[in-house]
Amino acid sequence: MPVLGPLSYTLEVPSLDDGIRFYTDAGLEAESDGKVARFRCTGQERDSIILISGASKKRLHHVALRANGLDKIAADTATAGGSVITAPDGFEEDGLWVRDPHGVVYHLVERPADAAPAAGESFEINGPCRIIRTRRSAIKPSGQYPPVRPIKLGHVLLFTPDVMASVRFVTEALGMGLTDHAQDVVAFTCARKDSDHHVIAFAKSAGSGFHHASFQVNDPDEVGRGGAALVAKSGRGDWGFGRHTVGSNFFHYIQDPWGSWFEYYADMDYIDDYALWSPTNYGPEDSMANWGPKLPPDFIHNYEVDPGC
Ligand SMILES: [Fe+2]
């Protein structure tokens, strides 16, 4: 089971300052030397986002994944139509660097799993004939909540000109599993053991690119509270609060400074053993959400292919 989970994503961007402002507003901790900015979740000892300055427009640089069995990944990469490459400029030659048939670069890294985060308070809901909370309020006055802080990077969604070809590469070369898909428009893949429903997802576009990254928060309240706070600060578009059919997660997406998206999520389906999971091919009506607001017009626009909209 080579890929074990997500580590980070790296973007080339025009303005580091815009990225530092946005991601710190989103609740991440930032560190920058003026050329490269790194962001991590509070409590984690590694980066989840790396921004490289100086690009004329935002561009996906690579996705890093925790993995084992790197020799097998290297062998399977060639048969799956990809190539093993040397580390890009500025990055160390550790682990294994591979490029998929569409030019997307993955960095596979052998490292220990993150320490388990502290369990949050359980999310309790009173319902008909199911009263589990009495004599106290579920919600505090709004000013009494600290800013929402992401717990971990959960997944990234990448644009691709051929969704099922991208799925074939990560399943055949990287040893991931197809969890679900909606025809050839969007597809979701996971690690084979102890994985969120999706670690890497793909959406159809004219070319490759970064669509969004999603960070876990404790519960649906934090999705709503974090999303509302971030969209107020960013002044850009959002999509949410809502709930996906595929993966079941509550979501709120906020547009980043470059037209792609940052998602807070809670309550995603979990796959402890992919051998016991059966993928579903959903209809288009379930490809985006089970319920939620109307989609922003540029939600699935690939600014890396078409800078105008
Ligand atoms: Fe997502």
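**Two annotated spans, two open sheets**

In this predicted model, the span of residues 152–267 is 22% helix and 47% strand, and its end C-alpha atoms lie 13 Å apart. The other span to keep in mind is residues 5–111, with 19% helix and 39% strand, whose end C-alpha atoms lie 11 Å apart. Both spans are covered by the annotation "domain: VOC", which comes from an unreviewed UniProt entry.

A reader may begin with the sheet of eight strands, which is open, has mixed pairing and follows the order E2-E3-E4-E1-E5-E8-E7-E6. At its edges are strand E2 (29–32) and strand E6 (83–85), each of which pairs on one side only. From one strand to the next, the twist averages 25°.

Within this sheet, strand E1 (residues 3–12) is mostly covered, nine of its 10 residues being buried. Strand E1 runs antiparallel to strand E5 (residues 59–67), to which eight bridges join it, and Tyr9 stands opposite Val63 in E5. With strand E4 (residues 49–52), by contrast, E1 runs parallel, and four bridges join the two. In E4, Ile49 is the bridge partner of Tyr9, while Leu51 is the bridge partner of Leu11.

Two helices belong to this part of the picture. Helix H1 (residues 16–25) lies across E2, strand E3 (36–40) and E4, and runs at about 160° to E2. Helix H2 (residues 70–79) packs on the sheet as well, where it touches E5, E6, strand E7 (96–99) and strand E8 (105–109), and its direction makes about 20° with that of E7.

Between E8 and E9 there is a loop, and Lys140 lies in it. Lys140 counts as exposed because 8 other C-beta atoms lie within 10 Å, where the cut-off for an exposed residue is 12 or fewer. Measuring from C-alpha to C-alpha, Lys140 and Tyr303 are 40 Å apart in space, and 163 residues separate them in sequence.

The other sheet to follow is formed by nine strands; it too is open, with mixed pairing, and its order is E15-E16-E17-E14-E9-E13-E11-E10-E19. Its edge strands are strand E15 (238–243) and strand E19 (280–281), and each pairs on one side only. Strand E10 (residues 177–182) runs antiparallel to strand E11 (residues 186–190), and five bridges join them; one detail of this pairing is that Phe188 in E11 is the bridge partner of Asp180.

Helices pack on this sheet as well. Helix H3 (residues 163–172) touches strand E9 (152–160), E10, E11 and strand E13 (200–204), and its direction makes about 10° with that of E11. Helix H4 (residues 220–234) touches E15, strand E16 (250–255) and strand E17 (261–266), its direction making about 10° with that of E16.

What remains is the interior. In soluble globular proteins, nonpolar side chains tend to be buried together. The largest nonpolar core of this model has 75 residues, and those with the most contacts inside it are Leu65, Tyr106, Leu158, Met176, Ile200 and Phe202. Ile200 offers a way to look into this region: leaving aside its neighbours within four places in sequence, Ile200 is in contact with Val63, His155, Val156, Leu158, Val170, Met176 and Thr189. Among these contacts is Val63, the residue that Tyr9 stands opposite in E5.

Note on methods:
Residues are numbered from 1 along each chain as its sequence is written. This is a predicted model: local features need pLDDT of at least 70, side-chain atom pairs count only at pLDDT 80 or more; totals for chains, interfaces and linings use all residues. UniProt positions are given in the numbering used here, feature names are shortened, and annotations may be inferred rather than shown by experiment. Two strands pair if DSSP finds at least two bridges between them. Two residues are in contact if their C-beta atoms, placed from the backbone, lie within 7 Å. Axes are lines fitted to C-alpha atoms, for helices over the stretch in contact, and angles run from 0 to 180 degrees between N-to-C directions. A nonpolar core is a set of buried Ala, Val, Leu, Ile, Met, Phe, Trp, Tyr and Cys residues joined through C-beta atoms within 7 Å. A residue is buried if 20 or more other C-beta atoms lie within 10 Å of its own, exposed if 12 or fewer, and partly exposed in between; C-beta atoms are placed from the backbone.
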